[in-house]
Amino acid sequence: MQSKTTSGAMLEAMREKPPLVHCITNYVAMNIAANVLLASGASPAMVHAAEEAGEFAGIASALTVNIGTLSTQWLDGMQAAAKAATSAGKPWVLDPVAHYATGFRRQAVADLLALRPTIIRGNASEIIALAGGESRGQGVDSRDPVEQAEESARRLAERQQAIVAVTGAVDFVTDGARSVRIKGGSVLMPQVTALGCSLTCLVGAFAATVPEDLFGATVAALATFAVAGEDAALGAAGPGSFAWRFLDALAALDGEALDARARVSIA
Ligand SMILES: Nc1ncnc2c1ncn2[C@@H]1O[C@H](COP(=O)(O)OP(=O)(O)OP(=O)(O)O)[C@@H](O)[C@H]1O
Ligand SMILES: Cc1ncsc1CCO
Ligand SMILES: [Mg+2]
């Protein structure tokens with residue numbers, strides 16, 4: 001097997017040995033997120049019941065947790081899974097969907113952050129608020145530009161000792177010390193619900209493939225979305241045809257094309 005030093009090599013490695021990814025996501029995202037992982041070469045499993053989520057996290061290679069359609073029972077499952085992943089040394093990714101919106105979500109996300117996610121992926125409004133800044137967010141969609149979230153992301157990464165990914169028109173990834181920006185994608189992407197949630201699951205898939213390089217894995221997942229998003233937009237008439245073209249574009253993308261076309265720059 002080739003060494004997994006580039007995004008493309010990581011994508012190829014994932015396809016060679018599809019990782020089992022434990023996704024606790026939301027009702028809106030479950031189907032598209034599972035299809036995104038399959039098209040990318042990973043094996044998704046949506047398992048959220050409190051009775052089994054901890055046990056399942058022991059079987060999977062990585063965990064992703066998304067609070068989009070939260071309930072007390074789901075939160076119990078998320079916490080059990082996060083504890084199991086952490087104690088087994090497996091990466092887990094937190095997607096703090098609209099965590100600023102209600103007291104229930106704020107408390108849930110504080111409790112999950114205390115369980116030390118290895119990677120946090122959110123939109124700009126979510127990351128600004130998570131770092132304690134002035135966010136314009138109300139619901140699940142971002143109302144702030146990514147540039148305004150960059151300092152928040154750095155602060156959050158340092159505070160949590162985690163990798164933080166902020167997505168939007170130009171994505172930003174930081175571990176507090178080093179940072180990159182990733183260009184690409186399409187304006188149609190925020191017009192299709194749960195693509196961000198699906199990306200969180202894909203970050204988990206790359207993290208499962210390259211647990212020794214979680215920064216590189218996060219960048220690879222975002223670059224995969226950026227390039228596939230450009231391809232899908234080419235023939236799309238709107239969000240509907242974009243959504244199915246995006247799955248086809250992910251499936252058609254190979255490592256060589258990803259490395260040739262990814263637009264990643266040091267920030
Ligand atoms: N204006 C844009 N131009 C290009 N790509 C975009 C744009 N906005 C978002 N994206 C891309 O869309 C994907 C999802 O990111 P986004 O920030 O929309 O997530 P999100 O708000 O959490 O989505 P959701 O909550 O609906 O799942 C990322 O790959 C991101 O780069
Ligand atoms: C629309 C929506 N509502 C709760 S989660 C979700 C998916 C996008 O975050
Ligand atoms: Mg989101």
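**Reading the binding regions of a predicted model**

Author: Helix 8 provides the largest share of the shell around ligand 1, namely four residues. Helices (DSSP runs of H or I, at least four residues) and strands (runs of E, at least two) are numbered from the N terminus. This is a predicted model: local features need pLDDT of at least 70 and side-chain atom pairs pLDDT 80 or more, while totals for chains, interfaces and linings use all residues. Residues are numbered from 1 along each chain as its sequence is written, chains are lettered from A and ligands numbered from 1 in the order in which they are written.

Reader: Which residues around ligand 1 come nearest?

Author: A residue is near a molecule if its C-beta atom, placed from the backbone, lies within 6 Å of it. In this model 23 residues surround ligand 1, and those that come nearest are Asn-123, Thr-167, Gly-185, Met-189 and Gly-196. Helix 8 and helix 9 (214–235) each contribute at least two residues to this shell.

Reader: How do the residues of the shell around ligand 1 divide by class?

Author: Ala, Val, Leu, Ile, Met, Phe, Trp, Tyr, Cys and Pro count as nonpolar, Asp, Glu, Lys and Arg as charged, and the others, Gly among them, as polar. The shell around ligand 1 holds twelve nonpolar, nine polar and two charged residues.

Reader: Which residues are around ligand 2, and how does that shell divide?

Author: Around ligand 2 stand Asn-26, Val-28, Ala-29, Gly-68, Thr-69, Val-97, Val-140, Thr-193, Ala-194 and Cys-197. By class, six of the residues in this shell are nonpolar, four are polar and none is charged.

Reader: Where does UniProt place the feature "binding site"?

Author: UniProt positions follow the numbering used here, with feature names shortened, and annotations may be inferred rather than shown by experiment. The unreviewed UniProt entry lists "binding site" at Met-46 and Ala-194, and also at Arg-121 and Thr-167. Arg-121 and Thr-167 span 47 residues in sequence, yet their C-alpha atoms are no more than 7.6 Å apart, so they gather at one spot.

Reader: Are Arg-121 and Thr-167 buried or exposed?

Author: A residue is buried if 20 or more other C-beta atoms lie within 10 Å of its own, exposed if 12 or fewer, and partly exposed in between. Arg-121, in strand 5 (residues 119–123), is buried because 31 other C-beta atoms lie within 10 Å. Thr-167, in strand 6 (residues 163–167), is buried as well, with 28 C-beta neighbours inside 10 Å.

Reader: Which residues are in contact with Arg-121 and Thr-167, leaving aside neighbours within four places in sequence?

Author: Two residues are in contact if their C-beta atoms lie within 7 Å. Beyond four places in sequence, Arg-121 is in contact with Val-93, Asp-95, Ala-165, Thr-167, Leu-199, Thr-200 and Val-203. On the same basis, Thr-167 is in contact with Arg-121, Asn-123, Gly-196, Leu-199 and Leu-222.

Reader: Where do Met-46 and Ala-194 lie, and is each of them buried or partly exposed?

Author: Met-46 belongs to strand 2 (residues 43–46) and counts as partly exposed because it has 17 C-beta neighbours inside 10 Å. Residues up to four places away in sequence apart, Met-46 touches Cys-23, Thr-25, Met-30 and Ala-34. Ala-194 occupies the loop between strand 8 (179–183) and helix 8 (195–209), and is buried, with 24 other C-beta atoms within 10 Å. Beyond four places in sequence, the contacts of Ala-194 are with Val-28, Ala-29, Ile-32 and Ala-33.
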